[in-house]
Amino acid sequence: MSKLSEGTVHKLPPDFREAISSTPKVLLLWQAITPLARNEWICWVEEAKKAETRQRRIEVGLSKMSSGMRRPCCWQGCPHRKRTGKV
């Protein structure tokens, strides 16, 4: 398997990497979206405080990416990414 692309700030964690790699439709989308979009998916998963929430976010993320969603919705975005103030 070729190396999966990472985010801009966050590295792809092993559990999310495995889930993406095992879902061909999601894998194609993952490789096509921007590093910033990948970063937001990773951060959204990693922000979960409980293991069951994290697992649910991985499952929901896979479902949403399977339907073509390129970023997590209803989420403020990665708080770890440095904001430039540019529009």
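This text goes through the predicted model helix by helix, then turns to the contacts between helices and to a few single residues.

The protein chain has 87 residues, of which 38% count as buried. Its secondary structure consists of four helices and zero strands. Along the sequence, the order is therefore simply α-α-α-α, with the helices numbered from the N terminus. As this is a predicted model, confidence deserves a word before the details. The mean pLDDT of the protein chain is 88, and 89% of the residues reach 70 or more. Confidence is lowest in α3, with a mean of 93, and highest in α4, with a mean of 97. Among contacts between residues at least 6 apart in sequence, 70% join residues at least 24 apart.

Helix α1 spans residues 14-21, and its buried residues are F16, A19 and I20. Viewed down the axis of α1, these buried residues fall within an arc of 95°, so they line one face of the helix. The face turned away from that buried side carries the exposed residues P14 and E18. A general property of helices is useful here. An α-helix has 3.6 residues a turn, so residues three or four places apart point the same way. The buried residues of α1 pack against α2 (24-32), α3 (35-46) and α4 (51-66).

Helix α2 can be read in the same manner. Its buried residues include V26, L27, L29 and W30. They cover an arc of only 165° around the axis, which puts them on the same side of α2. P24, K25 and L28 lie on the other side of α2 and are exposed. The cover over the buried residues of α2 includes α1, α3 and α4.

How do the helices lie relative to one another? The axes of α2 and α4 come within 8 Å and cross at roughly 80°. That crossing makes α2 roughly perpendicular to α4, because angles from 65 to 115 degrees count as such. Where α2 and α4 meet, α2 contributes K25, V26, L29 and W30, while α4 contributes L62, M65 and S66. Two of the buried residues of α2, L29 and W30, are thus among those that meet α4.

The axes of α3 and α4 also come within 8 Å, and they cross at roughly 150°. That makes α3 roughly antiparallel to α4, since angles over 145 degrees count in this way. On the α3 side of this meeting are W41, W44, V45 and E46, and on the α4 side are R54, R57, I58, V60, G61, K64 and M65. M65 of α4 meets residues of α3 and also residues of α2.

Aromatic rings give another view of the packing. How many aromatic pairs are there? With ring centres required to lie within 6.5 Å, the count comes to two aromatic pairs. In one of them, the rings of F16 and W30 have their centres 5.7 Å apart and their planes at 75°, so the pair is edge-to-face. This pair links distant parts of the chain, with F16 in helix α1 and W30 in helix α2, 14 residues apart. F16 and W30 are both buried.

W41 and W44 form an aromatic pair that is also edge-to-face, with 5.7 Å from centre to centre and 75° between the planes. Both W41 and W44 lie in helix α3, three residues apart, which is about one turn of the helix. W41 has a relative accessibility of 0% and so counts as buried. W44, at 13% relative accessibility, counts as buried too, because the cut-off for buried is under 20%. Both tryptophans are among the residues of α3 that meet α4.

The last residue to look at is Q31, which sits in helix α2. Is Q31 buried, partly exposed or exposed? Its relative accessibility is 34%, so Q31 counts as partly exposed. Which residues does Q31 contact, apart from its neighbours within four places in sequence? They are K3, L4, S5 and R38. One of these, S5, is 26 residues from Q31 in sequence, yet their C-alpha atoms are 6.5 Å apart in space.

Key. Residues are numbered from 1 along each chain as its sequence is written. This is a predicted model: local features need pLDDT of at least 70, side-chain atom pairs count only at pLDDT 80 or more; totals for chains, interfaces and linings use all residues. Side-chain values use heavy atoms; hydrogens and water are left out. Buried means under 20% relative accessible area, exposed over 50%, partly exposed in between (1.4 Å probe, protein chains only). The arc is that of the directions from the helix axis to the C-beta atoms. Contact means heavy atoms within 4.5 Å. pLDDT is the predictor's confidence in each residue, from 0 to 100. Rings of Phe, Tyr and Trp (its six-membered ring) pair if their centres lie within 6.5 Å; planes under 30 degrees apart count as stacked, over 60 as edge-to-face and the rest as tilted. Axes are lines fitted to C-alpha atoms, for helices over the stretch in contact, and angles run from 0 to 180 degrees between N-to-C directions. Angles under 35 degrees count as roughly parallel, over 145 as roughly antiparallel, 65 to 115 as roughly perpendicular and the rest as oblique.
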